[in-house]
Amino acid sequence: MASSAAGVVAIVGSGLIGQSWGMLFASGGFKVKLYDIEQQQVTKALENIRKEMKLLEQAGSLKGSLSAEEQLSLIRGCASVEEAVEGAMHIQECVPENLELKRKIFAQLDRAVDDTIVLSSSTSCLLPSQLFAGLAHVKQCIVAHPVNPPYYVPLVELVPHPETSPATVDRTHALMQKIGQSPIRVLKEIDGFALNRLQYAIISEAWRLVQEGIVSPSDLDLVMSDGLGMRYAFIGPLETMHLNAEGMLSYCDRYREGMKRVLKSFGPVPEFSGPTVEKINQAMCVKIPDDPDRLAARRKWRDECLMSLARLKRQMQSQ
Ligand code: NAI
């Protein structure tokens, strides 16, 4: 029932990511208090969430055991940070990716909270040591980096500040699991965390292969969507190695030299500019013209695919 809320979560910044977090926490039965510097944005966020939840419910893809109306009744807007934070056990910051702005928000939150609340940032690439430096409640601070769109892609990277307490990491890990997300612990902060380091390694080699005229941009994307991505939706690169031979030791025995030879042939970091960006842009625009409507339609299709994939993954896990 909506009244038996699991706890209160405050969301600071109710744009794309703030709204997704709001929906996820409500799906886990948490009361959600949304705050944004733009009051109209809170109203817009509440409308978007209502629309989205109703669509998900109709499609049978609403997360959690509560109905859309029950989940919606758990979410409300707030007029100030202080009001949002009052009674919360976890604060999820979702303001734009700007170090100075985020530091200002965390300084404000630091003054408003007690010793029990978790202060969490959604940052994609700012390091916890920069974000949380000098805060009185640094032990309670953590990065919880979601992947877009978080409602369909469950991974959350948890990245502590060197002074974050293990209890904060454990609590946030448990909270993420409770709302159906898939948290991982990045044990030491590093630029790009884990996901973007892997993503940039792939982008980098993709770029070089197109730049050198080895494959076309559209074929390059097929390498992932109809090749590697097929299994990576279910098993990671390390398990792939384990399964592609008689275990990991056998894989390394067989493929070590070949992997090292190929890896040594990789070129330098691309510039991501000049004629190659023109070439790739042209190819992408043939497939999906870059006007806002066509891009939005393709994103909608992508999200529908991800929703179906999430359903399939659930089915496969329960077998
Ligand atoms: P957004 O621009 O959609 O939303 C940011 C919201 O913060 C806006 O509604 C804005 O009015 C509000 N805001 C600005 N200053 C504020 C303040 N002082 N107090 C309260 N609210 C304030 O941005 P988005 O995409 O939701 O990103 C938020 C965070 O999530 C960023 O750190 C971003 O790097 C991270 N992130 C974004 C992903 C994405 O694909 N969009 C994926 C993963 C993380």
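This is a short walk through a predicted model of a protein with a ligand bound, starting at the ligand and moving out to a few spots in the fold.

Okay, let's begin with the ligand. There are 23 residues around it, and the ones that come nearest are Ile-17, Asp-36, Glu-97, Lys-102 and Ser-124. If you sort that shell by class, you get 11 nonpolar, 8 polar and 4 charged residues.

Now, which polar atoms sit by the ligand's oxygens? On the backbone side, Leu-16 has an N or O atom 3.1 Å from a ligand oxygen, and a polar backbone atom of Ile-17 lies 2.9 Å from an oxygen of the ligand. Then there's Glu-97, and here the side chain is involved: one of its N or O atoms is 2.5 Å from a ligand oxygen. As for how covered the ligand is, on its own it exposes 840 Å², and the protein buries 77% of that.

What about the elements behind that shell? Helix 1 (16-27), helix 5 (99-112) and strand 6 (141-146) are the ones giving two or more residues to it. Helix 5 has the largest share, with 3 residues.

Let's move on to helix 8, residues 195-211. Does the length add up, or is something off? Well, this helix has 17 residues, so at 1.5 Å a residue you'd expect a span of 24 Å, and the end C-alpha atoms are indeed 24 Å apart. Its buried residues are Asn-196, Ser-204, Glu-205, Ala-206, Trp-207, Arg-208 and Val-210. Notice that Glu-205 and Arg-208 are on that buried list. And what do the buried residues pack against? Strand 6, helix 9 (217-232) and helix 12 (275-287). So strand 6 turns up again, having also given residues to the ligand shell. Just past the end of helix 8, Gly-213 takes a positive phi of about 70°.

That brings me to backbone oddities. As a reminder, most residues other than glycine have a negative phi, and most peptide bonds are trans. Phe-193 goes the other way, with a positive phi of about 50°. You'll find Phe-193 in the loop between strand 8 (182-185) and helix 8. Is Phe-193 buried or exposed? Its relative accessible area is 1%, so it counts as buried.

Phe-272 also has a positive phi, near 55°, and it sits in the loop between helix 11 (248-264) and helix 12. At 38% relative accessibility, though, Phe-272 is partly exposed.

For the peptide bonds, have a look at Asn-148 to Pro-149: that one is cis, with omega near -10°. Pro-149 belongs to the loop between strand 6 and strand 7 (155-160).

Last stop, two buried residues. Thr-172 is in helix 7 (residues 166-178), and with 0% relative accessibility it counts as buried. Beyond its close sequence neighbours, Thr-172 contacts His-90, Val-118, Ile-142 and Leu-158.

Val-138 is in the loop between helix 6 (128-131) and strand 6, and it's buried too, at 8% relative accessible area. Which residues does Val-138 touch, leaving out those up to four places away in sequence? Phe-132, His-161, Glu-163 and Thr-164. And if you measure across to Asp-110, the two C-alpha atoms are 8.5 Å apart, while the residues are 28 apart in sequence.

That's the tour, so let's open it up for discussion.

Key: Residues are numbered from 1 along each chain as its sequence is written. This is a predicted model: local features need pLDDT of at least 70, side-chain atom pairs count only at pLDDT 80 or more; totals for chains, interfaces and linings use all residues. Side-chain values use heavy atoms; hydrogens and water are left out. A residue is near a molecule or strand if one of its heavy atoms lies within 4 Å of it. A polar contact is a pair of N or O atoms within 3.5 Å; within protein, one must be able to donate a hydrogen and the other to accept it, and residues adjacent in sequence count only if both atoms are side-chain atoms. Accessible areas come from the Shrake-Rupley method with a 1.4 Å probe; for residues, only the protein chains shown count as cover. Helices (H or I, at least four residues) and strands (E, at least two) are DSSP runs, numbered from the N terminus. Ala, Val, Leu, Ile, Met, Phe, Trp, Tyr, Cys and Pro count as nonpolar, Asp, Glu, Lys and Arg as charged, and the others, Gly among them, as polar. The expected span of a helix is 1.5 Å times one less than its number of residues. Buried means under 20% relative accessible area, exposed over 50%, partly exposed in between (1.4 Å probe, protein chains only). Contact means heavy atoms within 4.5 Å.
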